[in-house]
Amino acid sequence: MIGKLQAETTSKLHANRRVGVLRFKHNKQRKGLMRIDEEAKIVYVRQSWLKDMLLCPERSRLSVIQPEFKTTNDSAAIGTAVHAGIEAVLNDSCSLADAHEVSLARFSEMEAEGVRHTNVEPSTWHRHVVGLTNAWVKDIYPYVPLGGQSEVKFVAPTGSSVNGYQLWFEGTMDYVTEQGIWDWKTSARKYSSLEKQTQDVQSSIYTYAGQTLGFIKGDKNLFNFGVMVRTSEPYGQILSVSRTKAHGEFVIKQAMSAVAYGFAMTDGTGIPTSNRWLINDQHYLCSERWCPWWSVCKGASISEPDNQLEVE
Ligand code: SF4
């Protein structure tokens, strides 16, 4: 059922359409960017792009004009590898016992392409990939309803428009059953239920899309995070947040504001100019370690000595 809906919706939308990214001269969409279909007058928003814009609009601009700075960091590579093992289990292409082998093979592919060291000691990378995959097998898999579908791509209309363009959401759901949507995360620490319930963007967008496309049933749905926590003894945490019509309405407003900002800051050309967008350093990812564009942004003004406390 889900596959049929997905295939129909996707084929109707993408047939013979010229698609650009902020009218930037690349046909292939870069992950995390707002995508514009000029002929259909549709702007597609992914949850990752919206989260980036809310965090630091300048980071979004730099990701378009200086993509060469963006590399895969160790935390992200570990997460991608663990996803591969989980997906193989859910697609019945490997057993639970072999899941960590699939994860390790995926990690080795990324290592060959280059993984940027941030805060995970490289000698522990493989151990984390195996440990986190096994944490999913042990602590999360037994609670996941079977019979669902993994890696479900979606595009969903919001019914709202910005600057004459319809706003649609797009993305990929890790796992869907009629009872709800699941997303797999790897994290250095346990998730906060209250923070996710009150502020999470992804669950609002995905639940809205799941309801709109008929993937899930009911007006009030649970969105489930299967979190694998990266400690010396990795473990799994299942955190479920509830999402209603109200959450869908709010996240559409939020996306509209970000898209309007994106249009305004491109002088109507769609191409980011050399003018900086809002520079927000008020979050923990604004650091030399976590922001790939640090050296051409905050790091160009503030160096380590400037950040030293004179009085402890
Ligand atoms: S260095 Fe900080 S302010 Fe600059 S782009 Fe990165 S996150 Fe944003």
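**View 1. Glu151 sits in strand S4 of this predicted model.** Although Glu151 is not a glycine, its phi is positive, at about 50°. Glu151 counts as partly exposed because it has 13 C-beta neighbours inside 10 Å, a number that lies between the limit for exposed residues, 12 or fewer, and the limit for buried residues, 20 or more. Strand S4 spans residues 149–162 and runs antiparallel to strand S5, to which 10 bridges join it. One of the residue pairs to look for here is Phe154, whose bridge partner in S5 is Gly171.

**View 2. The hairpin of S4 and S5 has 2 residues between the strands.** In this hairpin, Asn163 takes a positive phi near 50°. When following the strands away from the turn, it may help to remember that in a regular strand the side chains alternate between the two faces of the sheet.

**View 3. Strand S5, residues 165–177, also pairs with strand S3, residues 42–45.** These two strands run in the parallel sense and pair over 4 bridges, whereas S4 and S5 run antiparallel. Within the pairing of S3 and S5, Ile42 has Gln166 in S5 as its bridge partner.

**View 4. Strands S5 and S6 form a second hairpin view, with 2 residues between them.** Strand S6 covers residues 180–187 and runs antiparallel to S5, with 3 bridges joining the two. Two facing pairs can be picked out in this view: Tyr175 stands opposite Trp182 in S6, and Val176 stands opposite Ile181 in S6.

**View 5. Strand S6 pairs with strand S7, residues 221–229, in the parallel sense.** The pairing of S6 and S7 extends over 8 bridges, and within it Lys185 stands opposite Val227 in S7.

**View 6. Helix H2, residues 47–55, has four named buried residues, Gln47, Trp49, Leu50 and Met53.** Which side of H2 do these residues take? They lie on the same side of H2, because they cover an arc of only 160° around the axis. The elements that cover the buried residues of H2 include the strands S3 and S5, together with the helices H3, H8 (201–212) and H9 (245–264).

**View 7. The largest nonpolar core has 58 residues.** The residues with the most contacts inside this core are Val43, Val45, Ile78, Val82, Val129, Trp136 and Val259. Helix H4, residues 74–90, supplies the largest share of this core, namely 9 residues. Apart from this core lies another one, of 6 residues, among them Cys56, Leu62, Cys286 and Trp293.

**View 8. Ile78 is shown with its contacts beyond its neighbours within four places in sequence.** With those neighbours left aside, Ile78 is in contact with Phe107, Val120, Trp125, His128, Val129, Leu132 and Thr186. Ile78 and Val129, which touch each other here, are both among the residues with the most contacts inside the largest nonpolar core.

**View 9. The ligand is surrounded by 14 residues.** Which of these residues come nearest to the ligand? They are Cys56, Cys286, Cys291, Cys297 and Lys298, and two of these names, Cys56 and Cys286, also appear in the core of 6 residues. Helix H3, residues 57–65, gives the most to the shell around the ligand, with 3 residues. By kind, the shell divides into 9 nonpolar, 1 polar and 4 charged residues.

**View 10. Asp92 lies in the loop between helix H4 and helix H5 (99–113).** Is Asp92 buried or exposed? Asp92 counts as exposed because it has 7 C-beta neighbours inside 10 Å. The phi of Asp92 is near 60°, which is a positive value in a residue other than glycine.

**View 11. The whole protein chain comes to 10 helices and 8 strands.** Of the 312 residues in the protein chain, buried residues make up 35%. Among the contacts between residues at least 6 apart in sequence, 70% join residues at least 24 apart.

Note on methods:
Residues are numbered from 1 along each chain as its sequence is written. This is a predicted model: local features need pLDDT of at least 70, side-chain atom pairs count only at pLDDT 80 or more; totals for chains, interfaces and linings use all residues. Two strands pair if DSSP finds at least two bridges between them. A residue is near a molecule or strand if its C-beta atom, placed from the backbone, lies within 6 Å of it. Ala, Val, Leu, Ile, Met, Phe, Trp, Tyr, Cys and Pro count as nonpolar, Asp, Glu, Lys and Arg as charged, and the others, Gly among them, as polar. A nonpolar core is a set of buried Ala, Val, Leu, Ile, Met, Phe, Trp, Tyr and Cys residues joined through C-beta atoms within 7 Å. Two residues are in contact if their C-beta atoms, placed from the backbone, lie within 7 Å. The arc is that of the directions from the helix axis to the C-beta atoms.
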